[in-house]
Structure formats: structure tokens, C-alpha cells
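Colleague: I am new to reading protein models, and I would like to learn how to go from a picture to careful statements. Could you take me through one, feature by feature?

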Amino acid sequence: MVKQPVSVNGVVRWKDVGLADQAKSEQKERKMVVLRHEIGDVLRDVRQRQGRTLREVSHSARVSLGYLSEVERGQKEASSELLSSICSALDVPLSSMLREVSDRVAVAEGVAVPDTVPQEFSQRYGRDLDRDLNAELNNELSKGMLSGAL
């Protein structure tokens, strides 16, 4: 078996890569994804990217150091309130953290998830993103030009 780097949302993980017949057997024997493990991995990655210690985050989140450690190691199933508190302490939106967890679960399940919203979907259910983004950009540029002239 050979290890190969796989990047998910800027975080590099090492994945075992073997022969074709081994890949087929792995597809048949899908490993069960434990959500608390993925949540813990994401929280730990975010904290480490910020260069913060468990002690700092546990103090900000008002969670015991031991409990936060267990959540990060996937040993405890955190409540939504606790996750919200930890995300606030990390200054990361809960939705972003859950999105990263969702992406990791999709990769583990072998599901391809697009990074963009299909245009048909945005036209039907959302706003015209290109038009709105261009309007916002032009608005910001005009503000910048006006403030620079003063």
C-alpha cells in the first residue's frame, strides 16, 4: 500500500492507495463514517490553524478542557449548543464548520459534491448571483473612488 496526499478544504490528509483489486474490495467494504470523529477532526484542524491551545478555546467557549479534548478526539457526541459555543470561541460560523464536516463525509462515502451551485438552481431558487456580485463590486469600487478623491 502507498500513502497519497488528499486535500479537503485546504487540509491535507494521507490516504492509502493500493492496487485496483484492493480498491474494489474497499468499495464493497465501506467504512462506517462516525460523525463525532469528523466533527472533532474539523474542530481540531480549525483550532490548530489558528495556532490556539485547547486551554484558550475551552476558556472562551466555557467548556471544560477535558470535555473539549474528548470532543476533538471524537470520544464525546457534542450537543448543538456546545458546538455553537465552540464555533463562537473559534470565531467560525457553525454552518462553515458543518459544511466542512459534510464535505469530509461525502469524500469518505465516495460522493462527488460540486463546489458551485448549478445555474439552473440559482435561477430557480435564488437570485442572479453574477448580476448581484457585479453590482456589489461596482458599488464598492465607486465608494473607493469617491473616498480616495476626498
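Modeller: We shall go from the confidence of the model to its helices, its core, its salt bridges and its backbone angles.

Colleague: What should I look at before trusting any detail, and what is the mean pLDDT of the chain?

Modeller: Begin with the fact that this is a predicted model, and then read its confidence. The mean pLDDT of the chain is 79, and 65% of its residues reach 70 or more. Confidence is lowest in helix α1, residues 20-28, where the mean is 52, and highest in α3, where the mean is 96.

Colleague: How many helices and strands does the chain have, and in what pattern do they follow along the sequence?

Modeller: There are 8 helices and 2 strands, and reading along the sequence gives the pattern β-β-α-α-α-α-α-α-α-α. To see how the chain folds back on itself, take the contacts between residues at least 6 apart in sequence: 56% of these join residues at least 24 apart.

Colleague: What share of the residues is buried, and which residues touch the most other members of the largest nonpolar core?

Modeller: The general idea is that in soluble globular proteins, nonpolar side chains tend to be buried together. In this chain, buried residues make up 24% of the 150 residues. The largest nonpolar core has 20 residues, and Leu43, Ile86, Leu90 and Met97 touch the most other members. The elements that give two or more residues to this core are α2 (35-49), α3 (54-61), α4 (65-72), α5 (80-89) and α6 (94-109), with α5 giving the most, at 5 residues.

Colleague: Which residues does Leu90 touch, if I leave out those up to four places away in sequence?

Modeller: With those left out, Leu90 touches Leu43, Val46, Arg47, Gln50, Arg52 and Val57.

Colleague: Since α5 gives the most to this core, which of its residues are buried, and why do they lie on the same side of α5?

Modeller: The general idea is that an α-helix has 3.6 residues a turn, so residues three or four places apart point the same way. In α5, the buried residues are Leu82, Leu83, Ile86, Cys87 and Ala89. They lie on the same side of α5 because they cover an arc of only 160 degrees around the axis. On the other side of α5, Glu81 and Ser88 are exposed, while the cover over the buried residues includes α2, α3, α4 and α6.

Colleague: Let us turn to charged side chains. How many salt bridges are found in the whole structure, and which residue pairs with Arg36?

Modeller: A search of the whole structure finds 9 salt bridges. In one of them, Arg36 pairs with Glu77, and their closest N and O atoms are 3.9 Å apart. Arg36 lies in helix α2 and Glu77 in the loop between α4 and α5, so this pair ties together parts that are 41 residues apart in sequence. Arg36 itself is partly exposed, with a relative accessible area of 30%.

Colleague: Where do Glu72 and Arg44 lie, and is Glu72 buried or exposed?

Modeller: The side chains of Glu72 and Arg44 meet in a salt bridge, at 3.9 Å from N to O. This pair links distant parts of the chain, since Glu72 is in helix α4 and Arg44 is in helix α2, 28 residues apart. Glu72 is buried, with a relative accessible area of 4%, whereas Arg44 counts as partly exposed at 21%. These two residues also belong to a network of salt bridges that links Asp41, Arg44, Arg47 and Glu72.

Colleague: What separates Arg104 and Glu100 in helix α6?

Modeller: Arg104 and Glu100 are 4 residues apart in helix α6, which means that about one helical turn separates them. They form a salt bridge whose closest N and O atoms are 3.2 Å apart, and both residues are buried.

Colleague: Finally, which phi values should catch my eye, such as that of Arg62?

Modeller: The general idea is that most residues other than glycine have a negative phi. Arg62, although not a glycine, has a positive phi of about 60 degrees; Arg62 lies in the loop between α3 and α4 and is exposed, with a relative accessible area of 80%. Asp91 is not a glycine either, and has a positive phi of about 55 degrees. Asp91 sits in the loop between α5 and α6, and counts as exposed at 69% relative accessibility.

Conventions:
Residues are numbered from 1 along each chain as its sequence is written. Side-chain values use heavy atoms; hydrogens and water are left out. A nonpolar core is a set of buried Ala, Val, Leu, Ile, Met, Phe, Trp, Tyr and Cys residues joined through side-chain atoms within 4.5 Å. Buried means under 20% relative accessible area, exposed over 50%, partly exposed in between (1.4 Å probe, protein chains only). Contact means heavy atoms within 4.5 Å. pLDDT is the predictor's confidence in each residue, from 0 to 100. The arc is that of the directions from the helix axis to the C-beta atoms. A salt bridge is a side-chain nitrogen of Lys or Arg within 4 Å of a carboxyl oxygen of Asp or Glu.
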